[in-house]
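The exercises below each set a task and then work through a solution step by step. Please keep the sequence and the structure in view while you read.

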Amino acid sequence: MINLATTILAGILLEPMNIPTNAASLLWALPICIGIAVVYKAVKLEDNQLSLKPFIVETALLVATIIGFLILVAVVLLIIASLAWR
Amino acid sequence: MAAYKSRGKSDNIVIAGILSWLIPGGGYFYLGHTRRGGIACVGICVLFFLGVALGGIGSVGPNYHKLWFLAQILSGLPAIIGTLLEHYKMSVGTGRGIDLGQLYTGVAGLLNLLCLLDVLHRCQNDGAAEAVVSKKGRN
């Protein structure tokens, strides 16, 4: 059982994952946004706000803001690229 | 007495700083902010291990990209263990796996730097607050 767990863990951690360079791979930005929001809010919030509900609400707001601005930057870059291709 | 207090305070800052670098969230645990430390520890470690899962252990270490390694090493013990295990890497892989792995582990290190700076700031503030309280007590 321990050998099996070690083999699975080694397989996950030693071999790099083959992620294709397509549009769906952009979704890998989501976990990093969530991670940044969680740690940033853990640092920033006051002690009395560090309970479950306010923490989740604040983190979800920050994740939504980051993703919103990523989409905004993508749209601006798309407009610039389309203008440059004309 | 004042010299002893100030030496104790600077010792605390050094210990909190080293703990905060080595163990993600360790500085908060040392200062008694256990909930804050727990959230920071889980957040940084999950990001780091997700990065290793994406890019393989070969994405951590100075051999692949030196600038990213500067960010990765800020996450302390996970990055040190990753660097020591780097020679176990099996293949380079294709696609975005390695790039994403470096990004995740690098961001984990930079978030640990944010925690470290916050711990040092809290140490200073706590020391200043203690000084004010002791001054008021004497008056």
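Before starting, note that helices here are runs of at least four residues assigned H or I by DSSP, numbered from the N terminus. The model is a predicted one.

**Exercise 1. Describe the helices of chain B, and check the length of H3(B).**

Solution. Begin with the whole chain, which holds six helices and zero strands, so that, by the definition of these elements, its pattern along the sequence reads α-α-α-α-α-α. Of the 139 residues of chain B, 45% count as buried. Among the contacts in chain B with a separation of 6 or more, 72% join residues 24 or more positions apart.

Now take H3(B), which covers residues 34-55 and has 22 residues. The expected span uses 1.5 Å times one less than the number of residues, and for this helix the result is 32 Å. The end C-alpha atoms of H3(B) are 31 Å apart, which agrees with the expectation. Just after this helix, Gly56(B) takes a positive phi of about 75 degrees.

**Exercise 2. Decide how H2(A) and H3(B) are oriented towards each other, and say which residues meet.**

Solution. First read the geometry: helix H2 of chain A, residues 29-44, packs against H3(B) at an angle of about 160 degrees, with the axes 9 Å apart. Next apply the cut-off, by which angles over 145 degrees count as roughly antiparallel; H2(A) and H3(B) are therefore roughly antiparallel to each other. Their crossing is left-handed.

Then look at the residues themselves. From H2(A), the contact includes Pro31(A), Ile32(A), Gly35(A) and Val38(A), and from H3(B) it includes Arg36(B), Ile39(B), Ala40(B) and Gly43(B). Sorted by class, the residues of this contact are twelve nonpolar, two polar and one charged.

**Exercise 3. Find which elements of chain B touch chain A, and which of them gives the most residues.**

Solution. Start from the totals, in which 36 residues of chain B are in contact with 21 residues of chain A. On the side of chain B, the elements that give two or more residues are H3 and helix H6, which covers 97-138. H3(B) gives the most, with 13 residues. The residues of this side of chain B divide into 20 nonpolar, eleven polar and five charged.

**Exercise 4. Work out how H2(A) is placed against H3(A) within chain A.**

Solution. The axes of H2(A) and H3(A), the latter being residues 52-85, come within 9 Å and cross at roughly 135 degrees. This angle falls in none of the parallel, antiparallel or perpendicular ranges, and the two helices are therefore oblique to each other. The crossing of H2(A) and H3(A) is right-handed. Among the residues that meet are Ala29(A), Cys33(A) and Ile34(A) in H2(A), together with Phe55(A), Glu58(A) and Thr59(A) in H3(A). By class, this contact has twelve nonpolar, one polar and two charged residues.

**Exercise 5. Is Leu45(A) buried, partly exposed or exposed, and what does it touch?**

Solution. Locate the residue first: Leu45(A) lies in the loop between H2 and H3 of chain A. A residue needs 20 or more neighbours to be buried and 12 or fewer to be exposed, so Leu45(A), with 17 C-beta neighbours inside 10 Å, counts as partly exposed. Leaving aside its neighbours within four places in sequence, Leu45(A) is in contact with Leu50(A), Phe55(A) and Glu58(A). Ala23(A), by comparison, is 22 residues from Leu45(A) in sequence and 35 Å from it in space, taken C-alpha to C-alpha.

Terms used:
Residues numbered from 1 in each chain as written. Chains lettered and ligands numbered in written order. Predicted model: local features only at pLDDT ≥ 70, side-chain atom pairs only at ≥ 80, totals over all residues. Axes fitted to C-alpha atoms, helices over the stretch in contact; angles between N-to-C directions. Parallel < 35°, antiparallel > 145°, perpendicular 65-115°, else oblique. Left-handed = near helix turned anticlockwise from the far one by under 90°. Contact = placed C-beta atoms within 7 Å. Nonpolar A, V, L, I, M, F, W, Y, C, P; charged D, E, K, R; others polar.
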